[in-house]
Amino acid sequence: MNGNTELSGEQSAVPVLDIADLSFYYPGRPPVLEKINLQVWPGQRVGIIGPNGAGKTTFFMLNCGVIKPSSGRILLYDKPVKTGEFRPELGMIFQNQDDQLFCPSVKDDVAFGPTNMGLSKREVEARVQEALATIGIEELAERPPHQLSGGEKRLVALAGVLAMRPRLVIYDEPTSNLDLRYRRRLINILNASTQDAMLIASHDLEFILEVCNRVILLDNGSVIADGNPWEIMGDAELMHNHGLEKPHSLVPHVDKHHSWQI
Ligand SMILES: Nc1ncnc2c1ncn2[C@@H]1O[C@H](COP(=O)(O)OP(=O)(O)OP(=O)(O)O)[C@@H](O)[C@H]1O
């Protein structure tokens with residue numbers, strides 16, 4: 001399996017991400033990622049799965065230019081990712097929104113990114129309204145972000161990223177702390193989204209199954225499997241060997257009331 005799903009846009013010349021021989025280690029620690037090679041193409045919704053500590057968040061930080069590779073390179077739309085450089089093509093929703101929301105009101109927070117992109121006041125206002133409406137949180141516009149619930153904060157952070165109209169969006173554990181209603185709303189938003197591509201790290205494998213058309217299993221610093229979500233997550237032995245479980249919806253249904261009679 002190599003991630004060449006039917007839905008990939010490999011006919012188009014430029015991959016969204018082109019990663020070659022990417023390695024990373026924290027000083028004095030064993031490598032977190034070792035010689036990762038992969039490409040992400042337009043149309044791909046890539047679920048990144050793996051046990052705790054597999055390197056998912058580290059992988060995202062490298063793609064966003066928050067940390068620097070120990071070796072190897074990452075191209076975002078054919079241009080190298082440089083540490084600390086702002087790339088409007090890429091947006092990231094962090095696991096913890098407390099670091100991401102800091103303005104006095106939700107609408108100011110959503111406006112922050114587009115304003116820093118140098119857009120006119122009128123364009124910023126239009127984008128804020130559009131993002132709030134897309135996410136369905138217009139009623140939160142005047143609220144101070146720090147007073148919101150965890151789920152509401154997650155949606156506000158998402159609106160802030162979408163207002164910048166990134167072509168690639170990275171989500172780190174987007175469903176953690178979301179109740180079923182917010183989780184369902186997020187699934188609907190992601191399934192309706194028009195970005196080129198998304199990367200989603202999650203331990204919520206049913207969520208990955210509903211949203212992603214490609215899955216990458218990371219463990220021990222390497223890509224263990226890359227391809228069709230149903231094939232990879234449906235392989236009980238593979239999942240078990242890497243600290244994961246086959247999602248319940250992929251386990252054949254056993255009728256406990258009748259199976260004893262057979
Ligand atoms: N600042 C740091 N200094 C040293 N080691 C770190 C640092 N941050 C993370 N690590 C280590 O790097 C490894 C990968 O961590 P990372 O957060 O990328 O994993 P993850 O796959 O996102 O895990 P989880 O599923 O638990 O969120 C872990 O072993 C972690 O302990």
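The questions and answers below concern a predicted model.

Q: Which residues does UniProt list for "domain: ABC transporter", and how far apart are the end C-alpha atoms of that stretch?
A: The unreviewed UniProt entry lists residues 17–245 under that domain name. Over residues 17–245 the chain is 34% helix and 24% strand, and the distance between the end C-alpha atoms is 29 Å.

Q: How many residues of the shell around the ligand are charged?
A: The ligand is surrounded by a set of residues that includes Tyr26, Arg29 and Val32, together with Gly50, Asn52, Gly53, Ala54, Gly55, Lys56, Thr57 and Thr58. When the residues of this shell are divided by character, three are nonpolar and six are polar, and the number of charged residues is two.

Q: Is the crossing of H2 and H4 left-handed or right-handed?
A: Two packed helices are described by the angle between their axes and the distance between the axes. For helix H2 (residues 106–116) and helix H4 (residues 150–162), the axes come within 7 Å and cross at roughly 35°. The crossing of H2 and H4 is right-handed.

Q: How many residues of the contact of H2 with H4 are nonpolar?
A: On the H2 side the contact involves Val106, Asp109, Val110, Phe112 and Gly113, which meet Val156, Ala159 and Gly160 in H4. The residues of this contact include one charged and two polar, while the nonpolar ones number five.

Q: Which strands are the edge strands of the sheet with the order E2-E1-E4-E5?
A: This open sheet is formed by four strands, and the pairing is antiparallel. An edge strand here pairs on one side only, which applies to strand E2 (33–40) and strand E5 (79–80).

Q: Which residue in E5 is the bridge partner of Leu76?
A: Strand E4 (residues 71–76) pairs with E5 in the antiparallel sense, over two bridges. The bridge partner of Leu76 in E5 is Lys79.

Q: What angle does the direction of helix H1 make with that of E1?
A: Helix H1 (residues 56–63) packs on the sheet and touches E2, E4 and strand E1 (17–24). The direction of H1 makes with that of E1 an angle of about 120°.

Q: What is the average twist from one strand to the next in the sheet of six strands?
A: The six strands form an open sheet in the order E6-E7-E8-E3-E9-E10, with mixed pairing. Its edge strands are strand E6 (90–93) and strand E10 (222–227). From one strand to the next, the twist averages 15°.

Q: Which residue in E9 stands opposite Val46?
A: Strand E3 (residues 45–49) and strand E9 (residues 214–219) pair in the parallel sense over four bridges. Opposite Val46, the residue in E9 is Arg214.

Note on methods: Residues numbered from 1 in each chain as written. Predicted model: local features only at pLDDT ≥ 70, side-chain atom pairs only at ≥ 80, totals over all residues. UniProt positions renumbered as here; feature names shortened; annotations may be inferred. Near = placed C-beta within 6 Å. Nonpolar A, V, L, I, M, F, W, Y, C, P; charged D, E, K, R; others polar. Axes fitted to C-alpha atoms, helices over the stretch in contact; angles between N-to-C directions. Left-handed = near helix turned anticlockwise from the far one by under 90°. Contact = placed C-beta atoms within 7 Å. Pairing = 2+ DSSP bridges.
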